[in-house]
Amino acid sequence: MRLAILSFFLFIGSFPSYSQPLVTPFERSGGKETTTYFECIDLYKQLDKISPKLSIREMGLSDAGYRYHVVLYSNDGITDPAAWHRKHKIVLMINNGIHPGEPDGIDASMLLLRDLVFNKVALPDNVALAVIPLYNIGGALNRNSFSRVNQNGPVSYGFRGNAQNLDLNRDFTKCDSRDARSFSLIFHWVDPEILVDNHVSDGADYQYTMTLLSSQWNKLGGELGAFLHDVLQPALGAGMEKRGWPMTPYVNFEDGSPENGWEAFYDTPRYSSGYATLSHTIAFMPETHMLKPFHDRVLATYALLETMIAQASIHAQEIIEKRKKDAAADIRAAELPLAWKPDSTRFDLIPFKGYEAEHKTSEVTGLPRLFYDHARPSEKQVKFYDYFRPTQFVSVPRAYILPQGWHEVADLLELNGVRMRHLPTDTMIDAEAYHIEDYNSSPRAYEKHHRNTSTKVTAIRQQIRCLKGDYYIPTDQTARRFLTEMLEPTGDDSYFSWNFFDAVLQEKEGYSDYRWEDIAAAWLKEHPGLREQLEEKKRSEASFAKDPEAQLYFIYRHSPYYEPAHLRYPVYRIPIEEGLSAGPGDPHIHYEGRIGRRNGAALFYWAGTSATVNFSGTGLSAEMEDADTSNYYNVIVDGSFFARIHTDRIRQNYVLVSGLPDGRHTLSLFKRTELYGGPTSFYGFLLDKGGKWLDPPSRHKKIEFYGNSITCGYADEDSSGRDRGVGRFENNYVSYAALTARHFDADYTCIAKSGIGITVSWFPLIMPEMYDRLDPSDPTSKWDFSSYRPDLVVINLFQNDSWLVEKPDHDQFRARFGTVKPDSGNMIHAYSSFLKSLRAKYPGIPIICSLGSMDATREGSPWPGYIRSAVNASGDKKIFTHFFPYKGTPGHPSTAEQKMMAESLIHFIEQTFKW
């Protein structure tokens, strides 16, 4: 030990220009003193100036009023954790001084980072470090020499409680402190694979200087949990043995009897290790032994940090991959565990170096007292009960709804990276609501709370009125495990257990007995069933029969006058429906149109996009989520219009059809509107119970249309004559394009946008700039033309050009043409260029160049002539023209006029191609 300390001083002497400011208080005192908060931060600031590999930055605020510091170290000088993860570095986060009276990690980390900067030790290239120098700043400033009576040094130290007198190692979920909120911010920014939270233990006496508490490996779960137990923990033990610091698991007993073994620590999420587990982060809580000298404890902590870095480097890729795999598995898990207990039938036999425990007469009380005889060291094989099994599971809903009034909870969820959004409108949602049947509230305060435990709930399916601004929280996200444990009221450290929802435990309304007597009597007369329940309870419970107030309250609780919010847990669950599902990639689904893929969903952008299935059964629903609220869908059942669906921003199940006669059916979900605000995410179909998927439809022809509002079906269902361009009046399903495709039983693709032209549009884009996109709003989103080859292409463009070239004051005229109106040659050239671009995508495929039926084809219009000239100039025998007669009415084509256009086009196709 002394040689190890001497090596520090010899090392410091080799850097004379920095020797004084970089000697730590630990070294100056010969290993007897710990640093102050200000000395600690000052050393890291000096290291920041010396080394490009180390950086110190401020993040978050403490209850003590001081900003937090995070020290970042990487050999390549990168100080951005997101970049570390992109470079596949394994990230270790070291937290020190959560209990400032246990300062071993504070001083060990200062020595380690100093030694890294001066190349005394080396950090592997695939490892990056993020260090919180001193977490409990308020406790560190409250310095004394007496609060750790069990502990052997240092001379003075900080206090366990923070500036609010909170134990921060009980605050990771409830976040009563600014300190814990800042830690959450830092933790999720760093996103470490491994968290090390340095401590000093209390408890029994034994020979080890270092003990190690690890994430409970069963609770960590998956491949990463097994790896921790089978590989990483043994490797750390062997590494410490080689460094001269034998180590044992955290000693979780105090009675001096290791013969019975001990249980591993159960780390609920209030503790750092349990909190990290919810993010699939391996957590270690080194616990040096309180009775060992301070300088030994610091050196053992230093050795353990070195060992962890070495093992992290060796297993970096394995840990990173297993963590990702486990996180993905949790997102798919239908159930998650909420509570655990040790399995008394399973254990590991481990060697334990202790001291014989005896009893002698106390000099204080004169009664027997426990003492450990250091003259009689012992080594025994003991049972370590490190196998836990879940005792409670919860089915994970599709989403949670959190009313916006519970803003404290919303803030904590957001702080922990939970993805959620506000409901855009008031709405009724079919959800599960928990009723709190029973709970115990602690009579004594614990960490600023009177905790709720032994909570029992029942779930009731009901319609919940939700308001605009309430939170919709989907569970298919990386924070799934965290939000489930926090929002399920029976969770060990749920927000309900920490009193965040206690307001619902109190009734807000009541009654006067004399008034309620009359109303209750009338209610019983109208409800004889309730009268019978009352009489039965009086017969079976003598005390109830003698208590008129209890009887009145019983009737009140079973009447509509009883307030629904009392004991109703105000977090609602949108359940995952039962039935046979077909996800967006299921081969039973037949898509038409350009379909995008993102985050496990099929994306519908363009009007006319559809998904069709054949099935046997009685009903079908679809799970969808919209980017805005402008999209509408037709439900087509067995070839006939069945319903119109208005999709919302909430990811939810939409019942498309129910109550069908059991048998074979075809259903199409058809996007009737063009893209206004954003795409629809389609997550698949769900069959009602007893249903069965059948082979998907198969078609032998494909037609692709390029057009404007006429092809979209703009206002075709506005019978008022006002030509309103809003979603509910636009129905692409009855446009001439869709009618034509259905006549020929052809797959249908519609690339159309209201207001678009070939040379100029009513908005900044023109068709030659948009036609090759998957997402019409994203210039980087390109369609793969090789993935789809139509049998026929139809173009219906130039209507908007014909209007806008006559509007020299319009912004888009000036943007495209300046001040000079384009002539016929410009128009013909532009159309020819677009034809060439399209022909390059589809060589040899017939193209029909059409126009109409609005005023661009009225008698005397030059625009059909421009198109004929462009087609003739191409010399392409597979490019044809067909113009729709001018309809002679104001506004866009109605459904009847669209039908006439379809009949015209169908006749032309049949005559020209013999279809």
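This is a short tour of a predicted model, stop by stop, with a selection to make at each one.

**Stop 1: two helices side by side**

Start by selecting residues 178-190, helix α7, together with residues 407-415, helix α13. Their axes come within 9 Å and cross at roughly 30°. To see what makes the contact, show the side chains of R181, S184, L185 and H188 on α7, then those of D411, L412 and L415 on α13. If you colour these contact residues by class, you will find three nonpolar, two polar and two charged.

**Stop 2: salt bridges**

Now turn to the charged side chains, where the count of salt bridges comes to 47. Three pairs and a network make good places to pause.

Select E27 and R114 for the first pair; their closest N and O atoms are 2.8 Å apart. Which helices does this salt bridge link? E27 belongs to helix α2 (residues 25-28) and R114 to helix α5 (residues 104-117), so the pair joins distant parts of the chain, 87 residues apart. Both partners are hidden from the surface: E27 is buried with a relative accessible area of 2%, and R114 is buried with a value of 0%.

Next, select D191 and R323, a salt bridge with 2.7 Å between the closest N and O atoms. Here too distant parts of the chain are linked, with the two residues 132 apart. D191 sits in the loop between α7, the helix from your first stop, and β5 (194-197), while R323 is in helix α12 (residues 316-332). Are the partners buried or exposed? D191 is partly exposed, at 31% relative accessible area, whereas R323 counts as buried at 9%.

For the third pair, go to helix α16 (residues 528-540) and select R539 and E536, which lie three residues apart, about one turn of the helix. Their side chains meet in a salt bridge of 2.9 Å, N to O. R539 counts as exposed because its relative accessibility of 54% is over 50%. E536, at 39%, counts as partly exposed.

Before moving on, select E102, R148, R160, D167, R170 and D202 together: these residues are linked in a network of salt bridges.

**Stop 3: the largest pocket**

Switch to a surface view and centre on R398, D476, E623, R651 and Y683, which are the closest to the centre of the largest pocket among its 41 lining residues. The pocket has a volume of about 960 Å³. Then highlight α12, β21 (580-582), β24 (601-604), β26 (620-626) and β31 (680-687), each of which supplies at least two residues of the lining. Of these, β31 gives the most, with five residues. Colouring the lining by class shows 17 nonpolar, 10 polar and 14 charged residues.

**Stop 4: the second largest pocket**

For the last stop, look for the second largest pocket, which holds about 590 Å³ of space. Select Q233, M247, T248, P249 and I350, the closest to its centre of the 25 residues that line it. Two or more lining residues come from each of β7 (210-214), α9 (222-242), β8 (247-249), β12 (348-361) and β13 (368-385). Which element gives the most to this lining? It is α9, with five residues. By class, the lining of this second largest pocket divides into 13 nonpolar, seven polar and five charged residues.

Note on methods: Residues numbered from 1 in each chain as written. Predicted model: local features only at pLDDT ≥ 70, side-chain atom pairs only at ≥ 80, totals over all residues. Heavy atoms only, no water. Axes fitted to C-alpha atoms, helices over the stretch in contact; angles between N-to-C directions. Helix = DSSP H or I, 4+ residues; strand = E, 2+ residues; numbered from the N terminus. Contact = heavy atoms within 4.5 Å. Nonpolar A, V, L, I, M, F, W, Y, C, P; charged D, E, K, R; others polar. Salt bridge = Lys/Arg side-chain N within 4 Å of Asp/Glu carboxyl O. Buried < 20%, exposed > 50% of the residue type's maximum accessible area, 1.4 Å probe, protein only. 1 Å grid on protein atoms, 1.4 Å probe; cavity = no way out; pocket = protein on both sides within 12 Å on 5 of 7 lines; lining within 4 Å. Points joined across faces, edges and corners; volume = space filled by probe spheres on them.
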